[in-house]
Each structure stands twice: as C-alpha cells, then as structure tokens.
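Colleague: I would like to learn how to read the features of a structure like this one, step by step. Please start with how a helix is placed against a sheet.

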Amino acid sequence: MIVGLIVNPVAGLGGAVALKGSDGPDIQARALALGAVPRAAERAAAALRALRARRPDVLVRTVAGPMGEESARAAGVPYRLAHRPAATSGGTAGSGATSTGPADTRAAVAALGEVDLLLFAGGDGTARDVLDAAPRPPVLGIPAGVKVYSGCFALSPAAAGATVAGFDGRSVDAEVVDLDEEGHRAGLVGARLYGTLRVPAARERLSGRKTGSSAAPPGSAESIARAVVADMRPGTAYALGPGATTLAVGRALGLALTPLGVDVVRDGALLAPDVTEQRLHAIAMSQVTHGVLSVIGGQGFVIGRGNQQFSPRVLAALAGVVVLATQQKLAALGGRPLLVDSGDPRADAAFEGHVRVVTGHRESVLYRISSASEELS
C-alpha cells in the first residue's frame, strides 16, 4: 500500500494563542512570538503510527523536511521522498520547521499523484490548497488546524490512520469549506463552499461538515443562556468558549463577548477577554474555574475545534465543564456521540461516558461523549 503524506507545518499555530487561525506569514510569526507550539507534525506522526499498526506493509511517499519527512521518520514508517519544497523566506515554525505556503502544498499534491491515497495534515486552508491542486487519488485530512469545518477530515489522527488502513478503493465526495480569517477575527462568521474532494467511504470515521444553528427555533440559545446564568456561583470564574450559544450567555449577562474567542467572566463581570491558553491556565490554577462549551453542529465536537485554548493542562485545572446545545443540534447527530480531541489521549479519555448537556431553561439531557480517537467498529 502506497500512501502520500503532506504536512502543513504551520497549521493550527494560531489556536491556543487566540488568533483564530494560522493563515499568512504575519499571523504565523505573531503566533510564534506569543509562544505557539507547532502540532501538525506530531498529529501526522500519530496518524502514521495508527496506520502502520494495521498495515505493516505500508510505504509512505512524502515531501522533504517538515512537510512530511520528519513525521514519517518520527512514526518509524518506511518512506521515500517524492518532492522537495522550494526554499521560502518565511522564517521558521519552531523545531527547525521551515515556513511554507499554499504554493508548496499545491506543488506537493502534484508530485504525489501516483499513490493509493493522499493524506494531508492541516485545517480548512490546507484543504483548499489541496483542492486547488486537483489531486488524482482520493484524499483524507488529518485534523491539525484551528478550524476544521470541512467534511474531508477524519475525526482524529488515530481515526485517519485506521481509515487509510481499511481503505478498499471506494470513495465519496466531501465538501471543502473555509472562513475568511480576517472576517473571522472581526467576528464575522460565514463559511463558504469551495468544492468537493474524494475521500474514503468511511462515514463513521469522518468528521463531516460543520453546520450552522439556523434550524434552531427562535429563543433556543436565550433559553439555554438563562439556565447557565441562573446556575453561576458567586466568586466562581466561567470560561466561555466560542459559539452562538455562549454569545447568548454573554448577552444574558449584559456583556459583549469576543465572537470567536474565549472570555472569562466572574460575578456577572468580564474578568479577562479573549484569553490565550496560557492566560486561561493561569486563571484556572489561581481560582475555581468552570468551562462553558458549545457543540459544533453536524460534527459534535466539544473540545479541539476552534477552542484550542482548552488544552489538556487547562482541562485538568478546571473545576468542571458545562456543555450547551439545542435539542435540534443533538437530534441532528443521529445518535453519534459528542467528541473530544484535545491532542492528549489521556485527557480525552477522562471525558468518556456521559455528560449533562444544557438544552434550555430547566432542561438538560445526559448525552454520550467520547474521545475522537476511540476505536470505531
């Protein structure tokens, strides 16, 4: 089995440092200056380990350096180089990783046309670059970006490896969507459909495309917000994650929250706006803090998609987590579990079981929640 691998080494840099994305060299440099740590390479290596555990005969064709070779070497899989990216002047992305851009990804896709399946590690911006290059083989995304709203990604790195190992040649079309990051940072949320990519026909291991909340009856978010505010305890901090439902909690408190950031409130006042992972960890270590998180429609993710400030160490420091979702959003999951993908399997496993989901004023349900790396039958 010959599998292609492309890694966007700067994917996901902006998440934990509250930049809402990683597109563009200026944002990447700013993220690094704020202490961001590249994660795409290790997530690609995790996918390759899961793949090789199931298919020891796999051979990886990849790109020199941080665009794939380093991940293949770290995973201990046999590999051959099919492409060397042109030198860029964008600096580094930590650990010696050369900064890369869309042209590098497109060139790598062209060089890896003769493989059984093409893996790429990144986010929605990387998926757009792959789409622009018109890949010949089916593809599959390893989720490594800040926003992973397209339907061409596996649930997790482990799920990506398992999916490739079981690939039987059948494929389906999956949508590629992306947000304008500049508008995203300004609070203007709106995904645009760019096209479709062929992916393995393994629905149970694919994240699916994010859907909006337009189907929810008017007042649903406000009803949930009233319930959350009524349960807030004096002297306790609450870290409100991104999402329309958590914005409604801010409105119920009379506060204007960061539309796509994490804000911390206490006693009805804004304690810290648009916090980074580092700032949130410091708050959670210094006082009783609860996380308030909404569910991504259509995907079911609670942690690991657009809210990387809730890192494994932050989750360990929190006194608890409150999950919010409308009844319509839960029903649309069709019985599939809520998902956690913090990047640490042990932290994810701590959520396994059931969680109380606030669905309205004096309304809640117990709903199954799982690690996104859980082995699926």
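Modeller: An angle between two elements is taken between lines fitted to C-alpha atoms, for helices over the stretch in contact, and it runs from 0 to 180 degrees between the N-to-C directions. Keep in mind throughout that this is a predicted model. In it, helix 6 lies across strand 1, strand 4 and strand 5, and runs at about 160 degrees to strand 5. Helix 5 (residues 124-132), for its part, crosses strand 4 and strand 5, at about 145 degrees to strand 4.

Colleague: In what order do the strands of the 5-stranded open sheet follow one another, and what is the pairing?

Modeller: Strands of a sheet pair through backbone hydrogen bonds, either parallel or antiparallel. Here the order is 3-2-1-4-5 with parallel pairing, and the edges are strand 3 (79-83) and strand 5, each of which pairs on one side only. From one strand to the next, the twist averages 30 degrees. Within this sheet, strand 1 (residues 2-7) is joined to strand 4 by 5 parallel bridges, and Ile6 has Phe120 in strand 4 as its bridge partner.

Colleague: Which residues have the most contacts inside the largest nonpolar core?

Modeller: To follow the answer you need the idea of a nonpolar core, which is a set of buried nonpolar residues joined through side-chain atoms within 4.5 Å. The largest one in this model has 57 residues, and Ile6, Leu48, Leu119 and Cys152 have the most contacts inside it. Its largest share, 6 residues, comes from helix 2 (residues 40-54). Leaving aside residues up to four places away in sequence, Leu48 touches Leu5, Val60, Ser71, Ala72, Ala75, Val77 and Leu119. There is also a second, separate core of 28 residues, with Ala239, Val323, Ala325 and Leu330 among its members.

Colleague: How many aromatic pairs does a search of the whole structure find?

Modeller: A pair of aromatic rings is described by the distance of the centres and the angle of the planes. The search finds 1 pair: the ring centres of Phe120 and Phe153 are 5.5 Å apart and the planes stand at 65 degrees, so this pair is edge-to-face. Because Phe120 belongs to strand 4 (residues 117-122) while Phe153 sits in the loop between strand 5 (139-143) and helix 6 (157-165), the pair ties together parts that are 33 residues apart in sequence.

Colleague: Is Phe120 buried or exposed, and what of Phe153?

Modeller: The reasoning needs a cut-off here, since buried means under 20% relative accessible area. Phe120 has a relative accessibility of 0% and therefore counts as buried, and Phe153, with a relative accessible area of 0%, is buried as well.

Colleague: Where does a charged end sit over a ring, as with Arg305?

Modeller: The charged end of Arg305 sits over the ring of Phe301, at 3.9 Å from the centre of that ring. Arg128 lies over the face of Tyr194, with 4.0 Å to the ring centre.

Colleague: What is the order of the open sheet formed by 9 strands?

Modeller: Its order is 10-9-8-11-13-15-16-14-12, and the pairing is mixed. Strand 10 (269-272) and strand 12 (301-303) stand at the edges with a single partner strand each, so one side of each has no neighbour in the sheet. The mixed pairing can be followed around strand 8, which pairs with strand 9 in the antiparallel sense over 4 bridges, whereas the 4 bridges that join strand 8 to strand 11 belong to a parallel pair. Tyr238 stands opposite Val265 in strand 9, and Ala237 stands opposite Thr289 in strand 11. Further along the sheet, strand 15 (residues 353-360) and strand 16 (residues 363-371) are antiparallel over 7 bridges.

Colleague: Which residues of strand 8 are buried on its two sides?

Modeller: Ala237 and Ala239 are buried on one side and Tyr238 and Leu240 on the other, which leaves both faces of the strand covered. Helix 8 (residues 220-231) lies across strand 8 (237-240) and also across strand 11 (289-294), strand 13 (320-324) and strand 15, at about 110 degrees to strand 15. Helix 10 (residues 277-286) likewise crosses strand 8, together with strand 9 (263-266), strand 10 and strand 11, at about 110 degrees to strand 10.

Methods: Residues are numbered from 1 along each chain as its sequence is written. This is a predicted model: local features need pLDDT of at least 70, side-chain atom pairs count only at pLDDT 80 or more; totals for chains, interfaces and linings use all residues. Side-chain values use heavy atoms; hydrogens and water are left out. Buried means under 20% relative accessible area, exposed over 50%, partly exposed in between (1.4 Å probe, protein chains only). Contact means heavy atoms within 4.5 Å. Rings of Phe, Tyr and Trp (its six-membered ring) pair if their centres lie within 6.5 Å; planes under 30 degrees apart count as stacked, over 60 as edge-to-face and the rest as tilted. A charge sits over a ring if NZ of Lys or CZ of Arg is within 6 Å of the ring centre and within 35 degrees of the ring normal. Two strands pair if DSSP finds at least two bridges between them.
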